[in-house]
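Biologist: I should be grateful for a close look at a single part of this model, followed outward into its surroundings. Please describe the part in detail and then relate it to the rest of the chain.

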Amino acid sequence: MVTVEEVWKIILNQQLNLSEEVVDLENAVGHFLAENLIADLDFPSYDNVRMDGIAILFESFANGNRAFKIESTCGAGSPQVTLNDSDACIEIMTGSILPKGTDTVIRYEDLEIKDGVAKVMIEDIRHQQNVHHKGKNRKAGDLIVAKGRQITPAEIGVAATIGKSKLRVKTAPKIAIISSGDELIPVDQKPLAHQIRRSNSYACAAQLQEAGIAADTFHLSTSAPTSM
């Protein structure tokens with residue numbers, strides 16, 4: 001007699017070598033990755049502004065300047081601009097690239113802006129605050145997601161971020177679940193006293209579906225046909 005533990009060992013020691021296929025990113029959820037997801041760029045790819053406000057050169061603040069003339073404005077998605085006057089500032093938006101000649105961002109909540117001049121209202125300003133530096137999250141070439149992972153919306157987001165419109169995945173196995181027993185009847189029938197509805201095959205199929213694997217269900221009768 002083989003014990004349950006021994007059966008599990010036998011099952012888990014079996015190597016399942018599945019083929020691979022390439023699927024569109026939109027259809028990849030539920031599949032298992034057959035390739036590593038590698039950062040193709042530094043992330044972020046530039047020094048990223050984390051707050052709406054102004055970008056300044058911290059040295060100017062450290063030297064006592066508290067009123068910064070606004071030279072220009074830079075929004076998210078705009079090319080990088082340059083601060084020409086080190087005692088001035090550039091009005092900046094969240095997600096935009098940090099202007100050249102600046103190294104610190106002060107949020108609107110800590111400013112009073114009037115007549116094109118931003119006055120800093122607090123003293124607790126730190127060098128490089130509110131700046132998310134290039135490559136802080138990942139460096140180009142870093143492994144982000146290892147192959148073998150089941151693809152969820154999180155992995156889809158990563159793949160899109162690194163420019164992968166298609167993904168190499170393991171081809172899902174074809175599985176058939178076969179139930180047997182003359183006491184088992186379809187779920188939409190009312191059982192007689194000696195019958196029960198087929199339920200285990202549906203539960204097993206649902207478990208496989210949860211794992212991203214579709215399965216067909218079949219039922220075999222075990223008794224010989226009754227002769228007339």
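Modeller: In this predicted model, the contacts of N36 with residues more than four places away in sequence are with L143, V145, A146 and K147. One of these partners, K147, has its backbone nitrogen 2.8 Å from a polar atom of the side chain of N36. N36 itself belongs to the loop between strand 1 (20-24) and strand 2. Its relative accessible area is 35%, so N36 counts as partly exposed, since that class covers values between the 20% limit for buried and the 50% limit for exposed. N36 also approaches a remote part of the chain: its C-alpha atom is 9.2 Å from that of R168, although 132 residues separate the two along the sequence.

The elements around this loop lead to helix 3. Strand 2 (37-38), strand 11 (143-145) and strand 12 (166-170) are among the parts that cover the buried residues of helix 3. Those buried residues are E155, I156 and A159, in a helix that spans residues 153-161. Viewed down the helix axis, they fall within an arc of 105°, and therefore they line one face of helix 3. Just after the helix, G163 adopts a positive phi of about 80°.

The next level of description is the nonpolar interior. The largest nonpolar core has 14 residues, and the members that touch the most others are A28, L33, L37, I151 and L167. Helix 3 and strand 12 each contribute at least two residues to this core. L167 may serve as an example of how such a member is surrounded. Leaving aside residues up to four places away in sequence, L167 touches E21, V22, V23, L25, A28, L33, E35, L37, I151 and A159. A159 thus appears twice in this account, as a buried residue of helix 3 and as a contact of L167.

Apart from this core lies another, of twelve residues, which include I56, F58, I106 and L111. F58 also takes part in the one aromatic pair found in a search of the whole structure. Its partner is F61; the two rings are tilted, with 6.1 Å from centre to centre and 35° between their planes. Both F58 and F61 are buried. They are three residues apart in helix 2 (residues 58-62), so about one helical turn separates them. R66 lies over the face of F61, at 3.7 Å from the ring centre.

Several loops have notable backbone geometry. The loop between strand 2 and strand 3 (48-49) contains P44, and the peptide bond from F43 to P44 is cis, with omega near -10°. Two residues other than glycine have a positive phi: D115, near 55°, and N130, near 60°. D115 is in the loop between strand 8 (111-114) and strand 9 (117-120), whereas N130 is in the loop between strand 9 and strand 10 (131-132). D115 is exposed, with a relative accessible area of 73%, while N130 is partly exposed, at 21%.

To return to the starting point, the loop that holds N36 runs between strand 1 and strand 2, and strand 2 is in turn among the elements covering the buried residues of helix 3.

Key: Residues numbered from 1 in each chain as written. Predicted model: local features only at pLDDT ≥ 70, side-chain atom pairs only at ≥ 80, totals over all residues. Heavy atoms only, no water. Buried < 20%, exposed > 50% of the residue type's maximum accessible area, 1.4 Å probe, protein only. Helix = DSSP H or I, 4+ residues; strand = E, 2+ residues; numbered from the N terminus. Arc of directions from axis to C-beta. Contact = heavy atoms within 4.5 Å. Phe/Tyr/Trp six-rings, centres within 6.5 Å; stacked < 30°, edge-to-face > 60°. Lys NZ or Arg CZ within 6 Å of the ring centre and 35° of its normal. Core = buried A, V, L, I, M, F, W, Y, C linked by side-chain atoms within 4.5 Å. Polar contact = N/O pair within 3.5 Å; in protein donor to acceptor, adjacent residues only side chain to side chain.
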